[in-house]
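Here are a few notes to help you find your way around this one. Have a look at the structure first, then read the points with it open beside you.

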Amino acid sequence: SYHVKFSPPKSLAGREASTETMLDDETSEPLVQRADDTAEALKSRLEAYHKQTVPLLGHYEAVVKSVDGNKDKGLIWRDIASVLSIEVKPVKEEKKAIEEKPRRELPPLKKVCKEKPLLALKKAK
């Protein structure tokens, strides 16, 4: 996902955004801007938010919680988890826990097939 200001493709290299300068970093294909990704569309969405959503937030104030979304993704997730009162483990700890989890021992395949044949195959002629 690219953004002219916050996450520009390498092809932009400080130049003015255009179909020639906005190319995918991996495929070099021209990037396309969504029709609803314009200043006019943003203005319309913000007007609708303030007109329709903000009044509801006041009504449900006792159960609605806020999280500052202008932070690093990890900090935002930590804040969401805090608001929801759930414990969040860092990714490295989760991977380590999965690797250390004891694995269930399975009987040898030969033994399983003798006791409970799953599929009978006919020999080819």
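1. Let's start with Val32, which sits in the segment before H1. Is Val32 buried or exposed? Its relative accessibility is 77%, and anything over 50% counts as exposed, so Val32 belongs in the exposed group. If you trace back 10 residues along the chain you reach Met22, and the C-alpha atoms of the pair are 8.3 Å apart. Bear in mind throughout that this is a predicted model.

2. Now for the overall layout. The protein chain has four helices and zero strands, and from the N terminus on the order reads α-α-α-α. Of its 125 residues, 7% count as buried. Take the contacts between residues at least 6 apart in sequence: 2% of them join residues at least 24 apart. The accessible surface comes to about 12,400 Å², and carbon and sulfur atoms account for 57% of that.

3. Thr21 is worth a stop. Like Val32, Thr21 lies in the segment before helix H1, a helix that covers residues 39-59. Thr21 has a relative accessible area of 7%, and the cut-off for buried is under 20%, so Thr21 is buried. What does its side chain reach? The partner is the backbone oxygen of Glu16, at 2.8 Å. Setting aside neighbours within four places in sequence, Thr21 is in contact with Pro9, Ser11, Leu12, Arg15 and Glu16.

4. Two backbone angles in this stretch deserve a second look. Ala13 has a phi near 40°, a positive value in a residue other than glycine. Ala13 is found in the segment before H1 and is exposed, with a relative accessible area of 61%. Ser28 is in that segment too, and its phi is also positive, at about 65°, although Ser28 is not a glycine.

5. On to helix H2, residues 73-83. Which residues are buried there? They are Ile76, Asp79 and Ala81. At the N-terminal end of H2, Asp72 acts as a cap: one of its side-chain oxygens lies 3.1 Å from the backbone nitrogen of Gly74. Just after H2 comes Ser85, with a positive phi of about 55°.

6. Asp79, in helix H2, gets a point to itself. Why does Asp79 count as buried? Its relative accessible area is 17%, and the limit is under 20%, so Asp79 falls in the buried class. Its side chain makes a polar contact of 2.6 Å with the side chain of Lys71 and another of 2.9 Å with that of Arg78. Leaving out residues up to four places away in sequence, Asp79 touches Val67 and Lys71.

7. Last, the largest pocket. What is its volume? It comes to about 620 Å³. The pocket is lined by 16 residues, and those lying nearest its centre are Tyr2, His3, Val4, Gln33 and Asp37. Sorted by class, the lining has eight nonpolar, six polar and two charged residues. If you want somewhere to begin on screen, pick out Tyr2 and Gln33, both among the residues nearest the pocket centre.

Note on methods. Residues numbered from 1 in each chain as written. Predicted model: local features only at pLDDT ≥ 70, side-chain atom pairs only at ≥ 80, totals over all residues. Heavy atoms only, no water. Helix = DSSP H or I, 4+ residues; strand = E, 2+ residues; numbered from the N terminus. Buried < 20%, exposed > 50% of the residue type's maximum accessible area, 1.4 Å probe, protein only. Polar contact = N/O pair within 3.5 Å; in protein donor to acceptor, adjacent residues only side chain to side chain. Contact = heavy atoms within 4.5 Å. 1 Å grid on protein atoms, 1.4 Å probe; cavity = no way out; pocket = protein on both sides within 12 Å on 5 of 7 lines; lining within 4 Å. Points joined across faces, edges and corners; volume = space filled by probe spheres on them. Nonpolar A, V, L, I, M, F, W, Y, C, P; charged D, E, K, R; others polar. Areas by Shrake-Rupley, 256 points an atom, 1.4 Å probe, with all protein chains shown as cover.
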